[in-house]
Structure formats: structure tokens, C-alpha cells
Amino acid sequence: MELRPLGNTGLNISSVGFGASPLGSVFGPVSEDDAVASVREAFRRGINFFDTSPYYGGTLSEKMLGKGLKALGVPRNEYVVSTKCGRYKEGFDFSAERVTRSIDESLERLQLDYVDILQCHDIEFGSLDQIVNETIPALQKLKEAGKIRFIGITGLPLGIFTYVLDRVPSGTVDVILSYCHYSINDSTLVDLLPYLKSKSVGIISASPLAMGLLTENGPPEWHPASPELKSACQAAAAYCKDKGKSITKLAVQYSLSNKDISTVLVGMNSVGQVEENVTAALELATFGKDQETLAEVEAILSPVKNQTWPSGIQQG
């Protein structure tokens, strides 16, 4: 598995990251055995970056990931863990008091002494000025206390990243996590990459499958995309299936092929899914993208290209 540098953190993380939200049974029930087995298989196959949040499955994802990481039985510095703060089953709370308490709760569930990255979760739902003036300073104190190593911010609208990064001292925010903006149907993150690189920020792109749009089964019922976008993605998936190709593999490879993105987070909850994603990465490294199928899929999706949706109903 290819390792890529994460901004100025000094961390080298696997190009495919393990998105642990499905371990919280948010897309259907996952047994503890399956959760642990998927984490072990991911690590065995070279994935060293694991991302979770107390919000996923109402803390269940963190607990399951903690059990999986413990079962690895390897030194702590051999894997990189990211969790989040500010978004919970009960709602949003980016206050200094809550995020300070949040990390202790997360560390207990993860069975860890520290996390590598703590990210403010979906900051567009809070006050961005509170994030700048209260939340991030609280996270800096956690950094000084050794409970976290690096600070990140996450969310859907791309404008939130420039708003915050322009208002904090350089080097304060180490990482951003953007989702659903670097996939075959929406590549708007690419416009922001030069700016993010100028700020020396590590870039994590999540949900290359656009929260289920780019799959044969299609998105969950709650997916906020327009009927037009859902229909186009369904047509693209059907085209791939007819050709004996997998739109899921194509989508993962599309996202992985931009080396300016440090890691692509893919949700996984089974050994089979780990195998599929690792194989997609290895095939990309060996043979490159399937340009012919990709061109056809891009043509099908061109009428809805870069069509997004308002923040609201979200993954997890």
C-alpha cells in the first residue's frame, strides 16, 4: 500500500484510509467479530490510517475500532488514529468545555493514550467564529497536554476551510477532511488544492462513492442528492455492470489517482470490503485507471457534474 505524507505533520499514511463509521452499524448491523476482523485485515494489507467519530453509531464506532486496534497487538506508533469532536448523537457542541471532555471519552472508548488527529466535526453546523476563537484554542491545549498530536476540521461546504484557515495562525490547523467533493460526479475539491497546499495542510478526502451514489445498490433512502443526480449515478452504475466492470472500483481509483490528496477514506465493515479496496489501489498502481470506462461514466454524469446538496442529512 502506497504511503503519502500528510501535510506538515510528518505522518505518512496509507493512500486508502479505513473509514470506521460503518463499524457503528450506521449502514446495517455489524458484529464485533466482523468489526475486529476488518480492522486486522486492513492493517495486515498495509492500511495504517483509521478514522472515526463519537457521532458514528452513537459512540459504537469508536468502541468497535478500539477493540480492533487492541487486537492488532502492535506498537502504537504503527498506526494513525483520527477521531472527532463537536458532533454527537445529542447534537452539536463546539464549546471548549465539551470538546475537552470529549477527547477523554473518546480515548477511553478507543483504549488509547492519545489520538494522532482530533478534528472538529462538520463545523458548518456551528459558529465558524466559535471554531476559530474557542474550539481550536481548546484543541491546542489538548495538543500541549499530549492527548492529541494534530488538529483538523471537517465539513461539506468547501468555503468553511478557507474561512477558518484565513483566520487562524499558520500551522494551527494541520489537516482538513472534505467529503463528497472528489469523486467522479463532483471534483470541486481540486480547485481548493493549491490554496490548501499553500497553507501546508494535509488533505483527507472521504466518501469517494458519494455516500453510496456510485454503487450498484445505490444510495440510502436519506441521501440528500437530487432525483436527477441519483438517476444519472444509477445509469452510470448500470453501464459499468453491463460491461462487467465495478463502478465502486472505478470511483475509488478515480479518487486515489490525485497524489495531492494524502488519503482517501473509504467506509469498511468486512474483510471482503477491505480486500476490494486494497485490490482497487494495487490495480491502480500496477495498471493505471480504466480510461475507457471512466470516459463513458464521465459522459453519463456530465449533465449533473459538480451538483452538490446542502448540508443537512449526512452520513452517519
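**Figure 1. Strand S8 and its parallel neighbours in the predicted model.** Strand S5 (residues 80-85) and S8 run parallel and are joined by four bridges, and within this pairing Lys 84 is placed opposite Gln 119 of S8. The model shown here and in the other views is a predicted one. S8 also pairs with strand S9 (residues 148-155), again in the parallel sense, through five bridges, where Val 115 stands opposite Ile 148 of S9. Six of the six residues of strand S8 (residues 115-120) are buried, so the strand is largely enclosed by the rest of the structure.

**Figure 2. The β-α-β unit built around helix H4.** Together, S8, helix H4 (residues 128-144) and S9 form a β-α-β unit that is right-handed. H4 lies across S5, S8 and S9, and runs at about 150 degrees to S9. The strands S8 and S9 of this unit are those joined by five parallel bridges, with Ile 148 of S9 opposite Val 115.

**Figure 3. The closed barrel and the pairing of S3 with S12.** Eight strands form a closed barrel in the order S3-S4-S5-S8-S9-S10-S11-S12, with parallel pairing. From one strand to the next, the twist averages 30 degrees. S3 and S12 are paired in the parallel sense over four bridges, and in S12 it is Gly 267 that serves as the bridge partner of Gly 19. In general, strands of a sheet pair through backbone hydrogen bonds, either parallel or antiparallel.

**Figure 4. Helix H9, its buried face and its surroundings.** At 1.5 Å a residue, the 17 residues of helix H9 (residues 271-287) should span 24 Å, and the end C-alpha atoms are 24 Å apart, which agrees. The buried residues in H9 are Val 274, Asn 277, Val 278, Ala 280, Ala 281 and Leu 284. Seen down the axis of H9, these buried residues fall within an arc of 145 degrees, so they line one face of the helix. Elements that cover the buried residues of H9 include strand S3 (16-19), helix H1 (32-44), helix H8 (247-256) and strand S12 (263-267). Thr 286 and Phe 287, on the other side of H9, are exposed. Just after H9, Gly 288 adopts a positive phi of about 80 degrees.

**Figure 5. Helix H10 and the helices that cover it.** Thr 293, Leu 294, Val 297 and Leu 301 are buried in helix H10 (residues 291-301). These residues cover an arc of only 100 degrees around the axis, which puts them on the same side of H10. Their cover includes helix H7 (227-242) and H8, whereas the face of H10 turned away from the buried side carries the exposed residues Gln 291 and Glu 292.

**Figure 6. Surroundings of Thr 59 and Ser 102.** Thr 59 is placed in the loop between strand S4 (49-51) and helix H2 (60-72). With a relative accessibility of 19%, Thr 59 falls under the 20% cut-off and therefore counts as buried. Apart from residues up to four places away in sequence, Thr 59 touches Pro 54 and Arg 109. Ser 102 has its place in helix H3 (residues 96-110), and at 1% relative accessibility Ser 102 counts as buried. When neighbours within four places in sequence are left aside, Ser 102 is in contact with Pro 54, Lys 84, Cys 85 and Tyr 88. Pro 54 is thus a contact of Thr 59 and of Ser 102.

**Figure 7. Two loop residues other than glycine with positive phi.** Most residues other than glycine have a negative phi. Gln 111, in the loop between H3 and S8, nevertheless has a positive phi, near 60 degrees. At 39% relative accessibility, Gln 111 counts as partly exposed. Ser 207 lies in the loop between strand S11 (202-206) and H7, and has a positive phi of about 60 degrees although it is not a glycine. At 10% relative accessibility, Ser 207 counts as buried.

How values were computed: Residues are numbered from 1 along each chain as its sequence is written. This is a predicted model: local features need pLDDT of at least 70, side-chain atom pairs count only at pLDDT 80 or more; totals for chains, interfaces and linings use all residues. Side-chain values use heavy atoms; hydrogens and water are left out. Buried means under 20% relative accessible area, exposed over 50%, partly exposed in between (1.4 Å probe, protein chains only). Two strands pair if DSSP finds at least two bridges between them. A crossover is right-handed if, with the strands pointing away from the viewer, the path from the first strand over the helix to the second runs clockwise. The expected span of a helix is 1.5 Å times one less than its number of residues. The arc is that of the directions from the helix axis to the C-beta atoms. Contact means heavy atoms within 4.5 Å. Axes are lines fitted to C-alpha atoms, for helices over the stretch in contact, and angles run from 0 to 180 degrees between N-to-C directions.
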